[in-house]
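Let's take a walk through a protein structure together, going from the overall layout down to single residues. Keep the viewer open as you read, and turn the model whenever a new part comes up.

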Amino acid sequence: MKQVLVILIALIGFVSCKKEAKVETQEINAEAKIEKPTPIYTGDFLAVDGSAIITMGNETYKVIMNDACKELIEKSKTFQKEPFDFVKISVKGDIADNPNENEWKKTLTITSIENVSKSTTEENITIVK
């Protein structure tokens, strides 16, 4: 009877260890599938003659012309009084080094548009002598 009891306890111990190992493996696989969120960039946007830029703070980035950028250009027209007016935007995208040395140092590839609004920068600058 004691032998059956010892074998039964050992068997329960082995089975419970196997279940815990499976749970740990599933948790590790779930963590591996989590993707890093795409950052949101906010700045002033301007598009002229098939080229576009965004300024964020002291940095200016060339915007890669793709379908999302073309959509942003159309949306920004409703907030511009003049063709050279900047528009405030928030977009998701990826920043990369620009391989073309004759342009801005970095590029922004827009993946989605979060918000478009009128720029908060001062519209009229008056120089007084």
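The paragraphs below go from the chain as a whole to its strands, its core, a pocket and a few single residues.

A word before we start: this is a predicted model. The protein chain has 129 residues, and buried residues make up 23% of them. Its secondary structure comes to two helices and five strands. If you trace the chain along the sequence, you meet these elements in the pattern α-β-β-β-α-β-β. Contacts often bridge long stretches of sequence: among those between residues at least 6 apart, 60% join residues at least 24 apart.

Let's begin with the strands. β2 and β3 run antiparallel and are joined by four bridges. Together they form a hairpin with two residues between them, and in that turn Gly 57 has a positive phi of about 70 degrees. One pairing to look for in this hairpin is Met 56, which stands opposite Glu 59 in β3.

β3 also pairs with β5, this time in the parallel sense, through two bridges. You can find this pairing at Lys 62, which stands opposite Thr 107 in β5, and at Val 63, whose bridge partner in β5 is Leu 108.

Now follow β5 to its pairing with β4. These two strands are antiparallel, and 11 bridges link them. Among the paired residues are Lys 88 and its bridge partner in β5, Ser 117.

With the strands in place, we can look at what is packed among the elements. In soluble globular proteins, nonpolar side chains tend to be buried together. Here the largest nonpolar core has 18 residues, and those with the most contacts inside it are Phe 45, Leu 72, Ile 89, Val 91 and Ile 110. Which elements give two or more residues to this core? They are β1 (40-48), β2 (51-56), β3 (59-63), α2 (67-76), β4 (87-97) and β5 (106-118).

Ile 89 is a good residue to select in your viewer. Leaving aside neighbours within four places in sequence, Ile 89 is in contact with Tyr 41, Thr 42, Gly 43, Phe 45, Ile 54, Leu 72, Asn 115 and Val 116.

Two residues of helix α2 deserve a stop as well. The first stop is Ala 68, which lies in α2. Is Ala 68 buried or exposed? Its relative accessible area is 14%, so Ala 68 is buried; the cut-off for buried is under 20%. Outside its neighbours within four places in sequence, Ala 68 is in contact with Ile 110 and Ile 113. Ala 68 and Ile 110 are 42 residues apart in sequence, yet their C-alpha atoms are 6.0 Å apart in space.

Next comes Ser 76, also placed in helix α2. Ser 76 has a relative accessibility of 2% and therefore counts as buried. Not counting residues up to four places away in sequence, Ser 76 touches Phe 45, Val 87 and Val 116.

Back in strand β3, have a look at Thr 60. With a relative accessible area of 19%, Thr 60 is buried. Its contacts, apart from neighbours within four places in sequence, are Ile 53, Ile 54, Thr 55 and Trp 104. From Thr 60 to Phe 45 is 15 residues in sequence and 9.7 Å in space, C-alpha to C-alpha.

From here we can move on to a pocket. The second largest pocket holds about 160 Å³ of space. Its lining has 13 residues, of which Ser 51, Ala 52, Ile 53, Lys 62 and Trp 104 lie nearest its centre. β1, β2 and β3 each supply at least two residues of that lining. By character, the lining divides into nine nonpolar, two polar and two charged residues.

Our last stop is a loop residue. Asp 49 lies in the loop between β1 and β2. Because its relative accessible area is 77%, Asp 49 counts as exposed; the cut-off for exposed is over 50%. The backbone is worth checking here too. Most residues other than glycine have a negative phi. Asp 49, although not a glycine, has a positive phi of about 50 degrees.

Methods:
Residues numbered from 1 in each chain as written. Predicted model: local features only at pLDDT ≥ 70, side-chain atom pairs only at ≥ 80, totals over all residues. Heavy atoms only, no water. Core = buried A, V, L, I, M, F, W, Y, C linked by side-chain atoms within 4.5 Å. Buried < 20%, exposed > 50% of the residue type's maximum accessible area, 1.4 Å probe, protein only. Contact = heavy atoms within 4.5 Å. Pairing = 2+ DSSP bridges. 1 Å grid on protein atoms, 1.4 Å probe; cavity = no way out; pocket = protein on both sides within 12 Å on 5 of 7 lines; lining within 4 Å. Points joined across faces, edges and corners; volume = space filled by probe spheres on them. Nonpolar A, V, L, I, M, F, W, Y, C, P; charged D, E, K, R; others polar.
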